[in-house]
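Dear colleague,

I am passing on the structure we spoke about, with the sequence alongside. Please have both open while you read the notes underneath.

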Amino acid sequence: MLLFFVIARKGPPILNKLLNITSSEIFIIVVFSVMFFIAGFSETLHVAEAIGALLFGLALSETDHSERIEQLVIPFRDFFGAIFFFSFGLSIDPTTLGDALWLALGAIALTIIGNVFAGMIAGRQAGLQHKSSLNIGLTIMARGEFTIIVANLGLAGGLSAILKPFSALYVLILAILGPLLAKESKRVYGTVNKIFKWSDPTDKVKKRKA
């Protein structure tokens, strides 16, 4: 990791020259070849190949070719991302979902509370009203797709098999709740406002009459 951080800081001039390739086909082949090599080398060192690829991307992000790489890689990212989640779904036994239900609900409750709390703090620090601050917390509600990646890493490391159904339920439920909470933010604020009394509902009526 330290090596890649040094490359990211000191290596862009050299990387810019090495990646100065006119042909887009050769350019993306070179980038992918180096990425696969680093990912494989990381696996040889008993480090997750995803970490090696991540560090390689970090190093290339400081080069002049970062935007070009991003434009060429995005279609592959979406395609392989779909394949990854599809294969993860195939590996889950639906009968094991019930075993992880309460764990997933607990994690979801903590996620919602944490995101709302973080949004409220950030909004209030920025001078926003309580309603706007709550909206921030509701709109940053993570769907948790990265949980699936972490679960696979955990399973590869020999952790509990319940990680698979847990992460599947966590992602699916938040994928539904996240957009709903953002859409119904006014109702959520009205309910929360009744508890904390941030603003008096009669204030709006008084302002309209004035």
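What follows describes one helix by itself and then three places where helices pack against each other.

Please keep in mind throughout that this is a predicted model.

Helix α5 takes in residues 66-90, and at 1.5 Å a residue its 25 residues should span 36 Å, which agrees with the 34 Å that separates its end C-alpha atoms. Helix α5 is nevertheless bent, by about 40 degrees at V73, and a proline, P75, follows within four residues of that position.

The pairing of helix α1 (residues 2-10) with helix α4 (residues 49-60) has an angle of about 20 degrees, and the two axes lie 8 Å apart. Because angles under 35 degrees count as roughly parallel, α1 and α4 are described as roughly parallel to each other, and their crossing is right-handed. On the α1 side the contact involves F4, F5, I7 and A8, which meet L55, F56, L58 and A59 of α4. The residues of this contact comprise eight nonpolar, no polar and no charged.

Helix α4 also packs against helix α3 (residues 24-44), here at an angle of about 135 degrees and with the axes 7 Å apart. The two helices, α3 and α4, are therefore oblique to each other, and the crossing they make is again right-handed. From α3 the contact draws on V31, V34, M35, I38, A39, S42 and E43, while α4 contributes E49, G52, A53, F56 and L60. In composition, the contact of α3 with α4 divides into eight nonpolar, two polar and two charged residues. You may like to look at F56, which is listed for α4 both in the contact with α1 and in the contact with α3.

The remaining pair is helix α6 (residues 101-125) and helix α9 (residues 163-183), which pack at an angle of about 40 degrees with their axes 9 Å apart. That angle makes α6 oblique to α9, and α6 passes α9 in a right-handed crossing. The residues that α6 brings to the contact are L101, L103, A104, L105, A107, I108, T111 and I112, and those they meet in α9 are F166, L169, Y170, I173, L174, L177 and L181. Sorted by character, the residues of the contact of α6 with α9 are 14 nonpolar, one polar and no charged. As background for reading such lists, an α-helix has 3.6 residues a turn, so residues three or four places apart point the same way.

With best wishes

Notes. Residues numbered from 1 in each chain as written. Predicted model: local features only at pLDDT ≥ 70, side-chain atom pairs only at ≥ 80, totals over all residues. Heavy atoms only, no water. Expected span 1.5 Å × (residues − 1). Bend = angle between axes of the 7 residues up to and from the residue. Axes fitted to C-alpha atoms, helices over the stretch in contact; angles between N-to-C directions. Parallel < 35°, antiparallel > 145°, perpendicular 65-115°, else oblique. Left-handed = near helix turned anticlockwise from the far one by under 90°. Contact = heavy atoms within 4.5 Å. Nonpolar A, V, L, I, M, F, W, Y, C, P; charged D, E, K, R; others polar.
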